[in-house]
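Visitor: I would like to go through this model term by term. For each label, please tell me what justifies it.

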Amino acid sequence: MNGGAAEGGPAEPGRATAAGVLALLERRGQTVAVAESLTGGLVAAELTAVDGASRTFRGSVTAYATALKHELLGVDDALLAERGAVDAEVARQMARGVTRALGADWGVATTGVAGPTPQDGQPVGTVHVAVAGPADRVAAAALRLEGDRSGVREQSVEAAVKLLFSELIATAGAQDTEQHSGI
């Protein structure tokens, strides 16, 4: 799971790894924060395993209890009551909420069912990851993962890092345009 530069090589901004994500963020002068539920801090651990992570990683909120998603991250409590915590819109609101709460440019969120039993009527392996970025940009991915509890959590971390990477790449042109306008 560790995609950090600690494996001996330099950060590679062209790869969908924790090191690649942090290198892109550093190059752009941007920061990231994480809101986690089923992953319980594993996304934050993956990012902070990279040497120099403190230059771009603001922090994380592990909102494991449903009520904390509302209290700490501002997820709509009516949404939580209606759909439960395992929902794409909940993930989007968690990602937005962590950017506000921790003052980051980008927010990453995970929510889902790692197992061993279903939750909120959702089967084990149902996971939603989301990324919120500048200009109210929000992307989410719904996943159906296989494996045991540990495997579902590890795959969720990988999916969250990949989604952040793809959003950073997708906004790279807009970022360059903003930085070089008027030249």
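Guide: Two strands count as paired if DSSP finds at least two bridges between them. The model is a predicted one. Seven bridges join β4 to β5, which run antiparallel, so the pair meets the rule of at least two bridges.

Visitor: What makes β4 and β5 a hairpin, and which residue in the turn has a positive phi?

Guide: Five residues lie between β4 and β5 in the hairpin, and Ala135 in the turn has a positive phi of about 60 degrees. One bridge pair is Thr126 with Arg144 in β5.

Visitor: How do you know that β3 and β4 pair, and in which sense?

Guide: Six bridges link β3 and β4, in the antiparallel sense. The rule asks for at least two, so β3 and β4 are paired. Within this pairing, Val108 stands opposite Val131 in β4.

Visitor: Why is the pairing of the sheet called mixed?

Guide: β1 (residues 32-36) and β2 run parallel and are joined by five bridges, whereas β4 and β5 run antiparallel. In the parallel pair, Val34 has Ser60 of β2 as its bridge partner. The five strands form an open sheet in the order β2-β1-β3-β4-β5.

Visitor: What makes β2 and β5 edge strands?

Guide: β2 (57-62) and β5 (138-144) each pair on one side only. From one strand to the next, the twist averages 10 degrees.

Visitor: Which helix lies across β1, β2, β3, β4 and β5?

Guide: That is helix α5 (residues 88-102), which runs at about 140 degrees to β3 (106-112).

Visitor: Why is β4 called largely enclosed?

Guide: Seven of the seven residues of β4 are buried, so β4 is largely enclosed by the rest of the structure. Thr126, His128, Ala130 and Ala132 are buried on one side, and Val127, Val129 and Val131 on the other. In a regular strand, side chains alternate between the two faces of the sheet.

Visitor: What makes helix α1 mostly covered?

Guide: Nine of the eleven residues of α1 (residues 18-28) are buried. Among them are Val21, Leu22, Leu24, Leu25 and Arg28. After α1 comes Gly29, with a positive phi near 70 degrees.

Visitor: Why does the contact between Asp87 and Arg83 count as a salt bridge?

Guide: The closest N and O atoms of Asp87 and Arg83 are 3.2 Å apart. The cut-off is within 4 Å, so the pair qualifies. Asp87 has a relative accessible area of 12% and is buried, because buried means under 20%. Arg83, at 41%, counts as partly exposed.

Visitor: What does the salt bridge of Arg137 with Glu167 tie together?

Guide: The closest N and O atoms of Arg137 and Glu167 are 2.4 Å apart, so this pair also falls within 4 Å. Arg137 lies in the loop between β4 and β5 and Glu167 in helix α6 (residues 149-170), so the salt bridge ties together parts that are 30 residues apart in sequence. Arg137 is partly exposed, with a relative accessible area of 32%, whereas Glu167 is buried at 9%.

Visitor: Where do Glu158 and Lys162 lie, and what makes them partly exposed?

Guide: Both lie in helix α6, four residues apart, about one turn of the helix. Their side chains meet in a salt bridge at 3.0 Å, N to O. Partly exposed covers the range between 20% and 50%. Glu158 has a relative accessible area of 44% and Lys162 has 42%, so both fall in that range.

Visitor: Which residues are linked in a network of salt bridges, and how many salt bridges does the rule count?

Guide: Glu89, Arg92 and Arg96 are linked in such a network. The count comes to six salt bridges.

Visitor: Why does Lys69 have no salt bridge?

Guide: The nearest side chain of opposite charge is Asp120, 7.8 Å away. The rule requires a distance within 4 Å, so Lys69 and Asp120 do not qualify. Lys69 sits in helix α3 (residues 66-73) and is buried. Leaving out residues up to four places away in sequence, the residues touched by Lys69 include Ser37, Tyr64, Leu80, Met94 and Thr111.

Note on methods
Residues numbered from 1 in each chain as written. Predicted model: local features only at pLDDT ≥ 70, side-chain atom pairs only at ≥ 80, totals over all residues. Heavy atoms only, no water. Axes fitted to C-alpha atoms, helices over the stretch in contact; angles between N-to-C directions. Contact = heavy atoms within 4.5 Å. Buried < 20%, exposed > 50% of the residue type's maximum accessible area, 1.4 Å probe, protein only. Lys, Arg positive; Asp, Glu negative; His and termini not counted.
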